[in-house]
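Here is a friendly walk through one model, starting with a pair of strands and moving on to a helix and a core. Please keep the structure open beside the text.

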Amino acid sequence: MSPEEKSSKEQELQKEDLLTIHSAKEAEQPFHYSVGRYGSRFLEEMQKNKRFVGVRCPKCSKVYVPPREVCGPCFVKMEEEVEVGPRATLETFTIIRFPYIDPETGDLRPVPFGYGFFKLDGSDTLFQHYFPIDDESKIKIGLKFEPIWKEERVGSVRDIEQFVLVED
Ligand SMILES: [Zn+2]
């Protein structure tokens, strides 16, 4: 598209009444579902004790976080609860640069911020959460992070505000 065509397209768009979403709560989607016995233990420990618990497979020793009832590859029931974290290694990540309406708050979420896949110490699975971006050049796979807990916790993964880089 030539600069003239682009400019004309922009003018056309400005004339239209584009759909916009305003203020908080319009994106709210209320629903309820059970997280089950294992999910409840996980959330309860985060809420009450700021601890992460996983479950270890009796056959392959893999530790799942959040805990689940059955190890898929081994097809056995898991019952050994283990504490993991709170430190975690960044295994992979993406940086969100486009603002969007956060469905949890109804407000525009400031950018940029990181979305990381963390392996909590002692765990074999990845746990996803946000992390702040102050200096993009400092963010590398393999770095250690730790959670920042909210003061008022309700039993949700959002009881963690975000993970932050551990400064050694
Ligand atoms: Zn297993």
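## Strands, helix and core

I96 stands opposite F113 in β7. This is a predicted model, in which local features need pLDDT of at least 70, side-chain atom pairs count only at pLDDT 80 or more, and totals for chains, interfaces and linings use all residues. Residues are numbered from 1 along each chain as its sequence is written.

Helices (H or I, at least four residues) and strands (E, at least two) are DSSP runs, numbered from the N terminus. The protein has two helices and 10 strands, and both the order and the start are easy to follow: α-α-β-β-β-β-β-β-β-β-β-β from the N terminus on.

Two strands pair if DSSP finds at least two bridges between them. Strand β6 takes part in both pairings below.

| Pair | Sense | Bridges | Residues standing opposite |
|---|---|---|---|
| β6 (residues 88-96) and β7 (residues 113-120) | antiparallel | eight | I96 and F113 |
| β6 and β9 (residues 144-149) | antiparallel | two | A88 and F145 |

Now to the helix α2. Its 14 residues should span 20 Å at 1.5 Å a residue (the expected span is 1.5 Å times one less than the number of residues), and the end C-alpha atoms are 19 Å apart, which agrees. Which residues of α2 are buried? They include Y38, F42 and M46, where buried means that 20 or more other C-beta atoms, placed from the backbone, lie within 10 Å of a residue's own, and exposed means 12 or fewer. These three cover an arc of only 70 degrees around the axis (taken from the directions from the helix axis to the C-beta atoms), so they sit on the same side of α2. G36, R37 and K48 are exposed on the other side. β1 is included in what covers the buried residues of α2. After α2 comes K50, with a positive phi near 50 degrees.

A nonpolar core is a set of buried Ala, Val, Leu, Ile, Met, Phe, Trp, Tyr and Cys residues joined through C-beta atoms within 7 Å. The largest one has 20 residues, and F52, V65, A88, F118, L120 and F145 have the most contacts inside it. Two or more residues each come from α2 (36-49), β1 (52-56), β2 (63-64), β6, β7 and β8 (127-132). Leaving out residues up to four places away in sequence, L120 touches F52, V65, V84, G85, A88 and F127, a contact being C-beta atoms within 7 Å.

Of the protein's 168 residues, 18% count as buried.

Definitions and conventions
Two residues are in contact if their C-beta atoms, placed from the backbone, lie within 7 Å.
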